[in-house]
Amino acid sequence: MNLARESIELLEQVARILWFEGTKHGLRDREWMALRFLSRANRFSRTPSALASYVGTTRGTASFIIGELERLGYIERKRSATDKRSVMLSVTQQGKKFLVRDPVNVLVEAIAVLDDEVKIRFRDTFRHVLDQSDAAEQRHHTDVCKRCIFLREERTATDSKAAAEFSCRLFRSPIAEAEVDLLCTSFEHHRQ
């Protein structure tokens, strides 16, 4: 028995939940993927181009997905305050409520009951597989800021409290502490 192949076959069966169960609630697989992504993306990645990159599609297809999610009231477009040519996407309250019906929640709940150590190994195993695949194909994937090579953290101590200030060296912008756990399509992992 080939354990690597067996693992991929199991992953395919799990992926069926990701791709095909979602249509029960009226969204196509890429629309679910886009809505999930936008609900977890940092402000630098809530753009049509970043969404196209994450979903793995053209900008035209991403525009169609955005239009459909906007028509349903799940996301909204706003002009960027800093660059009027840019559009920022955000999930609406209605979209956040709809995400409760996300078919992926079944998988999240199944993983949530595992011991923390097992969850960490499970996550890290998928990261390793993705990193190896990215290296072989000369591409990069989306991940959280706190693992990114561009994140800069500076610790300061004031009145016996340690505080951390974060910034992104790529975008040359400060980052709130809550943002370091959000997804970024400009992610680049530390080289080993």
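This is a short talk on the fold, the pocket, the cavity and the aromatic pairs of one protein chain.

Okay, let's start. First, a caution. This is a predicted model. Keep that in mind throughout.

The overall layout. The chain has 192 residues, and 33% of them are buried. There are 7 helices and 7 strands. Along the sequence, the order runs α-α-α-α-β-β-α-α-α-β-β-β-β-β. Now the contacts. Take those between residues at least 6 apart in sequence: 54% of them join residues at least 24 apart. As for surface, the chain exposes about 12,900 Å². Carbon and sulfur atoms supply 53% of that area.

Next, the largest pocket. It holds about 2,300 Å³ of space. Its lining counts 46 residues. Which of them are closest to the centre of the pocket? Leu18, Tyr54, Phe122, Phe126 and Leu130. Remember three of those names: Tyr54, Phe122 and Phe126. They come back with the rings.

Which elements give two or more residues to this lining? The list is α1 (3-20), α2, α3, α6 (104-112), α7 and β3 (143-144). Helix α7 gives the most, with 12 residues. By class, the pocket lining splits into 25 nonpolar, 10 polar and 11 charged residues.

Now the cavity. Searching the whole structure for cavities of 30 Å³ or more turns up 1. Its volume is about 80 Å³. The cavity is lined by 13 residues. Closest to its centre are Cys145, Cys148, Phe150, Cys168 and Cys184. So what classes line it? The cavity lining has 11 nonpolar residues, 2 polar and no charged. Put that beside the pocket lining, with its 11 charged residues.

On to the aromatics. A pair of rings is described by the distance of the centres and the angle of the planes. The count here is 5 aromatic pairs.

Take Phe37 and Tyr54. The ring centres are 4.3 Å apart and the planes sit at 15°. Stacked means under 30 degrees, so this pair is stacked. Where do the two residues lie? Phe37 is in helix α2 (residues 29-40), and Tyr54 is in helix α3 (residues 48-55). The pair therefore ties together parts that are 17 residues apart in sequence. Are the two partners buried or exposed? Phe37 is buried, at 0% relative accessible area. Tyr54 is partly exposed, at 28%.

The second pair is Phe122 with Phe126. This one is edge-to-face: 4.9 Å centre to centre, with 85° between the planes. Both residues lie in helix α7 (residues 116-137). They are 4 residues apart, about one turn of the helix. Phe122 has 35% relative accessibility, so it counts as partly exposed. Phe126 is at 37%, so it also counts as partly exposed. And both are among the residues closest to the pocket centre.

There is also a cluster. Trp32, Tyr74 and Phe98 form one aromatic cluster.

Last residue: Arg36. It lies in helix α2. Buried or exposed? Arg36 has 17% relative accessibility; the cut-off for buried is under 20%, so Arg36 counts as buried. What does Arg36 touch beyond its neighbours within four places in sequence? Its contacts there are Leu18, Leu99, Asp102, Pro103 and Val104. Leu18 you have met already, as one of the residues closest to the pocket centre.

That's the tour. Over to you.

Note on methods
Residues are numbered from 1 along each chain as its sequence is written. This is a predicted model: local features need pLDDT of at least 70, side-chain atom pairs count only at pLDDT 80 or more; totals for chains, interfaces and linings use all residues. Side-chain values use heavy atoms; hydrogens and water are left out. On a 1 Å grid over the protein atoms alone, a cavity is a set of points where a 1.4 Å probe fits but cannot get out, and a pocket is an open set with protein on both sides within 12 Å along at least five of seven lines; lining residues have an atom within 4 Å of a point. Grid points are joined across faces, edges and corners, and a volume is the space filled by probe spheres set on the points. Ala, Val, Leu, Ile, Met, Phe, Trp, Tyr, Cys and Pro count as nonpolar, Asp, Glu, Lys and Arg as charged, and the others, Gly among them, as polar. Rings of Phe, Tyr and Trp (its six-membered ring) pair if their centres lie within 6.5 Å; planes under 30 degrees apart count as stacked, over 60 as edge-to-face and the rest as tilted. Buried means under 20% relative accessible area, exposed over 50%, partly exposed in between (1.4 Å probe, protein chains only). Contact means heavy atoms within 4.5 Å. Accessible areas come from the Shrake-Rupley method with a 1.4 Å probe; for residues, only the protein chains shown count as cover.
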